[in-house]
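Biologist: I'd like to walk through this fold with you, one question at a time. Can you pull it up for us?

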Amino acid sequence: VEMAANLRRDYPDVEWRCHANVHIEEQARIVDICDWPHEKAWFRQMAQVSNALHAPAYTAHAGKRAKATVSDVLHDVLDIEQLFGVPVGIEGHYPTANDTWLISTWQEYRLLLESGVHYALDLSHLNILAMQTRYIEWHLVHELLASPRCLEIHVSDNYGLSDQHLPLQFEH
């Protein structure tokens, strides 16, 4: 928290915000929205860091399907939002062979949009979804991008198989 307060003091004109797995403990850990029921202490620490930065929002990944349902994370993000006191958004994922991630299908992205919760939209995740399904729901993509509930848009490139964070000039 002290480091965050120092950053805010030293760079007052920067709008700070945290996204996903911020390392706030000695040992780095992955904590997603699906972990809310068991990681409330971690989220309390993260909220203190976010508040020290005067961050206008916080976003995190939905997480693993083995830990929660889409309905769970859509509900839990509202509790996390109350804790933070600012909008908290869910970042969706992409399909995998083992169906690992929540919000990884076009139908689940539609549920995310229609739920009314805040979210971060990672266009590289949608590229993977499009490549895996060989289909793009253009109308849904436009709706997701245009919604006032969209807090952030993440952009990077990939081969369409996994999240690689390649530079945009990557050519397929």
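Biologist: Leaving aside neighbours within four places in sequence, which residues is Tyr109 in contact with?

Modeller: Keep in mind that this is a predicted model, where local features need pLDDT of at least 70, side-chain atom pairs count only at pLDDT 80 or more, and totals for chains, interfaces and linings use all residues. Residues are numbered from 1 along each chain as its sequence is written, and side-chain values use heavy atoms, with hydrogens and water left out. Contact means heavy atoms within 4.5 Å. With neighbours within four places set aside, Tyr109 touches Gly92, His93, Ile103, Ser104, Leu121, His125, Leu126, Leu129, Leu140 and Leu144.

Biologist: Nice. How many residues does the largest nonpolar core have?

Modeller: A nonpolar core is a set of buried Ala, Val, Leu, Ile, Met, Phe, Trp, Tyr and Cys residues joined through side-chain atoms within 4.5 Å; buried means under 20% relative accessible area, exposed over 50%, and partly exposed in between, using a 1.4 Å probe and protein chains only. Phe84, Ile90, Ile103 and Tyr109 have the most contacts inside the largest core, and its residue count is 42.

Biologist: Why does Thr59 count as buried?

Modeller: Thr59 sits in strand 2 (residues 58-61); strands are DSSP runs (E, at least two residues), helices are H or I runs of at least four, and both are numbered from the N terminus. Thr59 counts as buried because its relative accessibility is 0%.

Biologist: Okay, salt bridges next. Which residue in strand 5 does Arg17 pair with?

Modeller: Side chains of opposite charge can pair when their charged atoms come close. A salt bridge needs a side-chain nitrogen of Lys or Arg within 4 Å of a carboxyl oxygen of Asp or Glu. Arg17 has such a bridge at 3.3 Å, N to O. Arg17 lies in the loop between helix 1 (2-10) and strand 1 (18-19), so this pair ties together parts 135 residues apart in sequence, and the partner in strand 5 (residues 150-154) is Glu152.

Biologist: Is Glu15, which also meets Arg17 in a salt bridge, buried or exposed?

Modeller: The bridge between Arg17 and Glu15 spans 3.5 Å, N to O. Arg17 is partly exposed at 30% relative accessibility. At 58% relative accessibility, Glu15 counts as exposed.

Biologist: Last one: how many disulfides does the structure hold?

Modeller: A disulfide is a pair of cysteine sulfur atoms within 2.5 Å. For Cys18, the nearest cysteine sulfur belongs to Cys150 and is 18 Å away. The number of disulfides in the structure is zero.
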